[in-house]
Amino acid sequence: MSDATSTHAEEQHNFSAEVERLMDLVVHALYSEREIFLRELIANSADALDRRRFESLTNQTVALPDKPQIFLTVDKKGNLLTISDDGLGMSKDEMIQNLGTIAKSGTRAFEKQLKDAKPEDRVNLIGQFGVGFYSAFMVADKVEVISRRAGSDEAWAWNSEGKGKYSIASSTRNTPGTDVILHIKKDAEEYLESMRLENIIRKWADHIAWPITIKQDDKETSANEGQAIWTKPRGDISDEQLDEFYRHVTHLFDKPLATLLWHAEGVIEFTSLLFIPGMVSPFAPVDQERKSKVRLHVRRMFITDEADMLPPWLRFIQGIVDTEDLPLNVSREMLQNTPVLARIRKNLVNRVISELKKLSEDKEKYTKFWELFGAVLKEGLWEPNENNDTIAKISRFYSSTVDGLTSLSDYVGRMKENQEAIYFLAGDSLEVLKTSPHLEGFKAQGIEVLLFTDPVDAFWPDRFGKFEEKPLRSITRAKEDLDKLMGKEERSNSEEEEKLLKTLMESLKDKITDARMTTRLVDSPVILAAKEDGPDLQMQRLMRRNDRSIPSAPPVLEINPNHNLIKSLIKKVNSGENIDEAAFILLDLAKIQDGEMPSDPTLFAKRIAAALA
Ligand SMILES: Nc1ncnc2c1ncn2[C@@H]1O[C@H](COP(=O)(O)OP(=O)(O)OP(=O)(O)O)[C@@H](O)[C@H]1O
């Protein structure tokens, strides 16, 4: 607690235009849920306490007092509610930076999300955008912040009525920390009742691991247990508390798909509370940074969320790990090298994998999980690791013959007797893949093909090796397999057909490696294949999309001798007609079927127009 006064040497500042807009948004969009202002301010206080405790590890001058806490003071007569903390506090510059500006892009993103969100989800959006402080203006017509940075003697007072301006003046505060003084609006007097405040804290801030005390008329009430939720036995934690904690660590606003709480005892002791989220954050998709954000605590104290507690392919998992077996002043270097963490990491991975295995037995839930995070998990098939096989077992795929998702094991169970490989076709969308001419020959033979639609699918099969002794093979380079499956002898071309192939090769020169007749097409005239020993076509496409300078291995042009178009070209070539233009159209048609653009769309359009004229 502090007793603070401001002097009159005030500096006036204008909010950045974005802040003003934002305040307006927050205040109006969330009005029906305005009690959450308290959650936001308490979260800021708890955060400041965490940060002070962390900084004190390396800097004794900012050490916490004996009983650090968050203190709410109600002054009914003065219409004041003050939220005080013994946190790190803010310097003058930090106040200007933190309470007066906000990134422009943030405002726009926030505005859009707010518009799209369901009313009940709106309250949780503000946490994601780091705009919680401004929610104070929902209940206060004036907000004062008095803060003294730990390690400094100076205190500063920030003052605003939320209307475009704020002032900053020198002030005093007995101890480091921050007071947020709310001049409560007439219509918000309910927030001057300690009972009401207590209820809000129970509902929104019960998991806060710092004690919160409410003082009204000299009567002090303790409003929370101030105990980290994961230190309690599961039986003592309610589902609501877990869900609220989930929302607190993930900034999401649904319920987790699965919650994993366990205490590991033995050589290494740690507690872990992890969540498989029920949604992907609209603000920070898992792909933004390929790193696990699971938070590391040492003896309840938050250390970092950058300790890579889980491998990138499990980065969708969120939560905390708390261990007794590291020193509090654990260094960055130590985080990378200590065998303690290596053990914990391994243990976490095993635990999560076995949870996913369990989840995979619940088809409906697992389908939801897979749609959300399957693409990330599959990176674990590409990255060599000791769980490759298990990940393959719990991976799911679309297929050319079954509805919904299927597993590799089920696919293998359905394989034809003479089928040696697991076949797949990789592309950008399920719709395109389902009707792809590549499938025609396999469909005709009743062979199932897995349809891979995530970018990572173009890469992992080559790295992965075999599943249950079966190699994985892209059907864009499985001509020989198909011939074998069809039981066909090598087809011999007629002289006329040979002439067409030769002419196509001459016209298309370095754009293709080979032109050949194919028996795998039924309805389509043409298809592109990859060389049997070359990279898959989709992999090449994706690599070129990322880096245009990567040279592509020219494809093989396969044509269907039974198709009328090809028959007519054979005739034309053999009667001496020039088929240059048709050759280019044919190549572009094949590309379009695979979801690619013709190499020169304008020229393609001209050629088609000329051909139709
Ligand atoms: N009690 C406090 N003590 C110290 N710094 C604070 C305090 N309250 C706010 N701040 C500073 O002001 C910043 C802005 O607060 P605000 O609530 O708007 O966003 P945030 O805390 O970054 O994000 P979120 O709302 O998601 O918690 C904080 O990041 C923090 O640096």
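Strand 11 (residues 270–276) and strand 14 (residues 318–323) run antiparallel and are joined by six bridges; strands here are DSSP runs of E, at least two residues long, numbered from the N terminus. Within that pairing, Leu274 sits opposite Gly319 of strand 14. Keep in mind that this is a predicted model: local features need pLDDT of at least 70, side-chain atom pairs count only at pLDDT 80 or more, and totals for chains, interfaces and linings use all residues. Residues are numbered from 1 along each chain as its sequence is written.

Now step back to the sheet. It's an open one of five strands in the order 10-11-14-12-13, with mixed pairing (two strands pair if DSSP finds at least two bridges between them). Strand 10 (258–264) and strand 13 (301–304) are at the edges with a single partner strand each, so one side of each has no neighbour in the sheet. From one strand to the next, the twist averages 20°.

Helix 7 (residues 239–250) lies across strands 10, 11, 12 (295–298) and 14, and runs at about 100° to strand 14. Helices are DSSP runs of H or I with at least four residues. Axes are lines fitted to C-alpha atoms, for helices over the stretch in contact, with angles from 0 to 180 degrees between N-to-C directions; contact puts the C-beta atoms, placed from the backbone, within 7 Å.

As for the whole protein, its secondary structure comes to 22 helices and 23 strands. The C-alpha trace spans about 105 × 60 × 40 Å along its principal axes. Among contacts between residues at least 6 apart in sequence, 72% join residues at least 24 apart.

Definitions and conventions:
Contact = placed C-beta atoms within 7 Å.
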